[in-house]
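Visitor: Could you take me through one part of this model in close detail? I would like to see the metal site, please.

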Amino acid sequence: MLADGSVVRHVHEAPREARRIKVEEDILARNDALAALNRKVLAQAGTFAVNLMSSPGSGKTTLLVRTLRELKGRPLAVIEGDQQTDLDAKRIEATGVKAVQLNTGKGCHLDAGMVASALPKLPLQKGALLFIENVGNLVCPASFDLGENRKVVVVSVTEGEDKPLKYPDMFAVADLVLVNKIDLLPHLEFDVAQLEENVRRVRPGAPIFRVSAKTGEGFESWLMWLRG
Ligand code: MG
Ligand code: ZN
């Protein structure tokens, strides 16, 4: 080592990028292990879990509230992810469905460990549907398996038609894409066909349903998909 310590410094700085990647891989590997446990817990309980992801403001909570009302009679549970507040959990509980709020603080996604901490607080049972509303963010939630059975991506017509091309990782993992707020289409210059074509470019084969959480338009397909 040199008197000024420069050799040591260089030795530590050169692999910084490699070390960052290694840390990310370790985080994801640990997450995947916990997600596998969640999947086992859910399967043993007979509960089917759906992870809802989108950018902020796409109308996930409104969509969820209407969905829960439409599914009344079936055992239901919700995990709400947000950085701060329990506002969305309160909206959900107004429907009579049990909701656990998870606040991520500075974090921008839910991870499998957080979901694991919420599962014992929920009425998981045979035939139940568990909705996990992820933090509004089209980037890293795509990388974090929560142990869910299906991933649903919500995109609203107040966003750009190019969202799937800008955030391909998110759309690439979608089992279903919901195009929300179609009640607003008469007031917008939005090309739904173009959006759907962009979805197909990054995620060929995933069903795409046009819905309005406000009016209930298009909900038959979404509810049928959930029941199937
Ligand atoms: Mg919400
Ligand atoms: Zn994140």
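Guide: Here is a walk around the magnesium site, with a short look at a helix pair afterwards. This is a predicted model, where local features need pLDDT of at least 70, side-chain atom pairs count only at pLDDT 80 or more, and totals for chains, interfaces and linings use all residues. Residues are numbered from 1 along each chain as its sequence is written, chains are lettered from A and ligands numbered from 1 in the order in which they are written, and side-chain values use heavy atoms, with hydrogens and water left out.

The magnesium ion (ligand 1) is held by T61 through OG1, D88 through OD and E133 through OE, at 2.0 to 2.1 Å. Donors here are N, O and S atoms within 2.8 Å of the metal (3.2 Å for Na, K and Ca), and since water is not among the atoms, sites may look incomplete. Along the chain, the donors of this ion have the spacing T-x26-D-x44-E. D88 lies in helix α4 (residues 87–93) and E133 in strand β4 (residues 129–133), so this pair, 45 residues apart, links distant parts of the chain. Helices (H or I, at least four residues) and strands (E, at least two) are DSSP runs, numbered from the N terminus.

How buried are these two? D88 counts as buried at 15% relative accessibility, and E133 is buried too, with a relative accessible area of 2%. Buried means under 20% relative accessible area, exposed over 50%, and partly exposed in between (1.4 Å probe, protein chains only).Helix α3 (residues 60–70) and helix α9 (residues 219–227) pack at an angle of about 65°, with axes 11 Å apart; axes are lines fitted to C-alpha atoms, for helices over the stretch in contact, and angles run from 0 to 180 degrees between N-to-C directions.
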